[in-house]
Amino acid sequence: MVAIVNANLVLENGILFDGKMLVADGRIAAFGQDLEIPEGAEILDAQGAYVGPGFVDIHVHGGGGFSTCHDPEKAAAYFLRHGETTILATTDYHMNRETLLESIAKIKAAMVHTPTIKGIYMEGPYTNPDYGSHADKNPWRYGVREEDYKPIADACGQSVRVWTVAPEREDLLPFLTYAKQVNPNAVIAVGHSEATPMEIRDLGKYRPTLMTHCMNATGRKLSCKGLRGYGPDEYCFKEAEMYAELICDSQGIHVHPEMQQLLLHTKGVNRVILVTDSTVYNNPVPEQYAHVQDLNFDHNGGIAGSKLTMDMACRNIMCHTNCGIAQAFLMASTNPARAVGLEDVGSVAKGKVADLVFVDDKFNVQKVMLAGKICRFEEV
């Protein structure tokens, strides 16, 4: 048993200052301010750090030079250093069928012995090929075909947790029907899309409950010149139960800080999910973005994800909005875990897996605990 003392425990409803926590058999056994420490327990002094649930990054393509599709174990190790105790390895919508199948196999093999990889986030293949980076390389411009999607869905099996689709794609319903037959628990997300709210509602029981990187790679159809159109972002704003992913880079390039504030105002802190959308591209940086250190770009100079880690994203959201530490943890841990059905992680609660991160008030990571054990990182 491990007893964490002198900690500011980050709970769902606030912060328990000067708290204590007992961890036994890899899970949270108890916590409180007047907790009695059992004799023989190993004492871990948090030294006033904020101790909250490990970060849950549900949309991440890679980082530190390692792809979650091609080098999933190394990518997971990189993000664990930054407090990300759970990630969903995310595919690229511009992969062809063969590459997708190879990536799915690599991710599933890595999941066997890499506990931080909890599943696959399928960004595509059935998105709108006119939206997103590397658009000219998207091989999925033709129709939705059974001979393509059945092998992909079968390969994913129970490991897929999210399917991102563009509802305006023709013949999408047979794919969604089959994908949900293979894994009924998979979440449907809308992204890389210009679908109208009516087109999204036409998906019926397959309507999305998640918005892939809200306000990025989306369009809206104009009803008349000079009037604002309406698209998937507006649909997400209005649907109270829908979760919205947010890429929060340091300069507010992906989403302007004013729009981040609007998103929090509209959705509420319980329905916004911080994601890194971190990628491993190494293309030249356009001159107008030379001052930005946490973005990636495609071969055309367009934004292609980020170089974020979740500790950075938490720091940025506090900078760009009026949220505090507890709210940042909600968006970085609790909300994403709930959105994709990860019941065992994402919050400080009795019985949950003791995946914890120790941070200061600027979200600098001091310690990472995975299943009740402090991670020992080699010097790099």
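This report describes the sheet, two packed helices and the largest pocket of a predicted model.

## Sheet

An open sheet is built from eight strands, and its pairing is parallel. The strand order is 6-9-10-11-12-13-14-15. Strand 6 (55–60) and strand 15 (272–275) are the edge strands; each has a single partner strand, so one side of each has no neighbour in the sheet.

Within this order, strand 11 (residues 160–165) pairs with strand 12 (residues 187–190) in the parallel sense, over four bridges. Val 165 has Val 190 of strand 12 as its bridge partner.

## Helices on the sheet

Helix 1 (residues 72–80) lies across three strands: strand 6, strand 9 (84–90) and strand 10 (117–123). Relative to strand 9, helix 1 runs at about 145°.

Helix 7 (residues 257–267) also packs on the sheet, where it touches strand 14 (243–247) and strand 15. The direction of helix 7 makes about 165° with that of strand 14. Helix 1 thus touches on one edge strand by lying across strand 6, and helix 7 contacts the other edge strand, strand 15.

## Largest pocket

The volume of the largest pocket is about 230 Å³. Its lining consists of 19 residues, of which Tyr 93, Ser 133, Asp 277, Ile 303 and Gly 305 are the closest to the centre.

By residue class, the lining of the largest pocket holds six nonpolar, ten polar and three charged residues. Strand 17 (residues 303–306) contributes the most to this lining, with three residues.

Note on methods
Residues are numbered from 1 along each chain as its sequence is written. This is a predicted model: local features need pLDDT of at least 70, side-chain atom pairs count only at pLDDT 80 or more; totals for chains, interfaces and linings use all residues. Side-chain values use heavy atoms; hydrogens and water are left out. Two strands pair if DSSP finds at least two bridges between them. Helices (H or I, at least four residues) and strands (E, at least two) are DSSP runs, numbered from the N terminus. Contact means heavy atoms within 4.5 Å. Axes are lines fitted to C-alpha atoms, for helices over the stretch in contact, and angles run from 0 to 180 degrees between N-to-C directions. On a 1 Å grid over the protein atoms alone, a cavity is a set of points where a 1.4 Å probe fits but cannot get out, and a pocket is an open set with protein on both sides within 12 Å along at least five of seven lines; lining residues have an atom within 4 Å of a point. Grid points are joined across faces, edges and corners, and a volume is the space filled by probe spheres set on the points. Ala, Val, Leu, Ile, Met, Phe, Trp, Tyr, Cys and Pro count as nonpolar, Asp, Glu, Lys and Arg as charged, and the others, Gly among them, as polar.
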